[in-house]
Amino acid sequence: MYAIKMFNVRDEEKRVAEDWAKRHNVKLSMSSEGLTAETIYQLKDFDGVSLSQIGNLDATLYESLHKLGIKQIAQRSAGVDMYDLKLAKSNNILVSNVPSYSPESIAEFTVSSALQLVRKAKDISAHVDNHNFSWSPDIRGRVLGDMTIAVLGTGRIGQFVAKFFHGFGAKIVAYDVYRNDSLTSILEYKDSVVDAIKEADIISLHMPALADNYHLFNDELFRSLKPNAILLNMARGALVDTEALLRALDENRLAAAALDTYEFESPYVAHDYTNKSIKDELFVNILNHPKISYTPHIAFYTDEAVENLVEGGLNATLEVIETGTTPLSVN
């Protein structure tokens with residue numbers, strides 16, 4: 001019987017994991033802790049490991065995993081920018097992800113976030129909290145169907161986002177290094193990011209975080225936007241220079257932003273900081289900014305996604321143990 005260890009396990013994942021282990025006759029051990037230099041000893045006598053890593057994995061752990069005979073890391077998410085893929089490969093460790101677990105969930109959340117900003121939901125709630133029931137231009141919304149939406153990245157998630165926005169009657173433009181010809185009936189591809197965003201009312205990010213798009217949205221790119229544009233980032237925090245974003249909002253070069261991810265989020269997401277101090281001043285500025293709607297990386301968070309992520313990570317782990325590889329390998 002094979003033995004698999006899961007780290008970063010939340011209570012809601014346990015039932016799904018236990019059911020999977022019974023079906024596959026696998027000995028499964030689960031820990032709410034992350035994989036660190038202090039917890040790696042727990043992998044002794046295990047054949048594989050599945051993680052839900054948020055921050056960067058300690059670089060020393062790859063060699064330690066190799067010495068323990070662990071040949072893979074199965075990440076229970078689509079993003080793998082928290083891993084040093086070259087260092088993993090040099091230690092004969094295969095890293096896998098779950099590329100498609102519920103793209104509709106993220107797309108629906110994206111459109112929902114856009115609607116809340118377009119219809120000034122946050123401002124309306126503030127008025128109501130103060131018992132101000134008057135109508136005034138500061139809470140007057142716009143019609144989504146009259147807008148141009150720029151979708152940056154038209155993969156599994158981005159294509160659903162484009163389809164949903166198109167359903168409202170909006171004009172869709174897009175940019176992707178790899179164009180999806182099946183979408184050309186509902187959107188127009190542009191030759192560059194700048195071409196896609198310069199006339200857009202809403203910009204929606206659905207790209208992976210790579211070295212060549214780190215801080216893609218910087219001061220220069222923010223200057224290319226219409227001043228009443230809205231930015232949606234349900235992808236990766238590293239795509240946006242947060243300080244540049246705050247400057248763009250404060251200088252009225254951007255109307256609003258919905259952020260489901262923040263480039264330095266790992267100490268906070270997904271932890272309960274009730275009655276605790278947040279020492280990251282940049283994060284505090286995001287949380288307190290009147291033009292930012294922040295959510296803690298939960299665009300994916302539906303019943304369907306939780307089940308698919310757990311099973312996807314465990315399926316990949318078992319595949320590598322049994323065959324030495326998996327179609328979900330990213331390195």
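Ile124 sits in helix H5 (residues 121-129); helices here are DSSP runs of H or I with at least four residues, strands are runs of E with at least two, and both are numbered from the N terminus. With a relative accessibility of 31%, Ile124 counts as partly exposed, because buried means under 20% relative accessible area, exposed means over 50%, and partly exposed lies in between (1.4 Å probe, protein chains only). Together with Val128 and Phe133, Ile124 makes a nonpolar patch on the surface, with about 280 Å² of accessible area for the three together. Such a patch takes residues with over 30% relative accessible area and no salt bridge, joining nonpolar side chains (Val, Leu, Ile, Met, Phe, Trp, Tyr) within 5 Å and like charges within 9 Å. The areas come from the Shrake-Rupley method with a 1.4 Å probe, and for residues only the protein chains shown count as cover.

A word on the model: it is predicted, local features need pLDDT of at least 70, side-chain atom pairs count only at pLDDT 80 or more, and totals for chains, interfaces and linings use all residues. Residues are numbered from 1 along each chain as its sequence is written, and side-chain values use heavy atoms, with hydrogens and water left out.

**The five-stranded sheet**

Let us turn to the strands. Five of them form an open sheet in the order E2-E1-E3-E4-E5, with parallel pairing; two strands pair if DSSP finds at least two bridges between them. Strand E2 (27-30) and strand E5 (94-96) are at the edges with a single partner strand each, so one side of each has no neighbour in the sheet. On average, neighbouring strands of this sheet are turned by 20° against each other, direction ignored. Angles run from 0 to 180 degrees between N-to-C directions, and the axes are lines fitted to C-alpha atoms, for helices over the stretch in contact.

Inside the sheet, strand E1 (residues 3-6) and strand E3 (residues 48-51) run parallel and are joined by three bridges. Met6 has Ser50 in E3 as its bridge partner. Helix H1 (residues 11-24) packs on the sheet and touches E1 and E2, its direction making about 165° with that of E2; contact means heavy atoms within 4.5 Å. Helix H11 (residues 303-323) also packs there, touching E1, E2, E3, strand E4 (72-75) and E5, and its direction makes about 140° with that of E1.

**The seven-stranded sheet**

Another open sheet has seven strands in the order E8-E7-E6-E9-E10-E11-E12, with parallel pairing. Its edge strands, strand E8 (188-189) and strand E12 (292-294), each pair on one side only. Five bridges link strand E6 (residues 148-152) to E7, and the two run parallel. For Ile149, the bridge partner in E7 is Ile172.

How covered is strand E7 (residues 171-175)? Four of its five residues are buried, so E7 is mostly covered. On the way to the edge, two bridges join E7 to E8 in parallel, and Ala174 stands opposite Tyr189 in E8. Helix H6 (residues 156-167) packs on this sheet, touching E6, E7, strand E9 (202-205) and strand E10 (230-233), with its direction at about 170° to that of E6. Helix H9 (residues 242-250) lies across E10, strand E11 (256-259) and E12, at about 150° to E11.

**Salt bridges**

How many salt bridges does a search of the whole structure find? The search finds 16, each being a side-chain nitrogen of Lys or Arg within 4 Å of a carboxyl oxygen of Asp or Glu. Here are some of them:

| Pair | Closest N to O |
|---|---|
| Lys14 and Asp11 | 3.2 Å |
| Glu13 and Arg76 | 3.5 Å |
| Asp219 and Arg247 | 2.7 Å |

Lys14 and Asp11 are three residues apart in helix H1, which means about one helical turn separates them. Lys14 is partly exposed at 33% relative accessibility, whereas Asp11 is exposed at 61%.

Glu13 lies in helix H1 and Arg76 in the loop between E4 and helix H3 (85-90), so this pair ties together parts that are 63 residues apart in sequence. Glu13 is buried, at 3% relative accessibility, and Arg76 is buried with a relative accessible area of 3%. Both belong to a network of salt bridges that also links Arg10 and Glu12.

Asp219 is in helix H8 (residues 219-222) and Arg247 in helix H9, so their pair connects parts 28 residues apart in sequence. Asp219 is partly exposed at 22% relative accessible area, and Arg247 is partly exposed at 33% relative accessibility.
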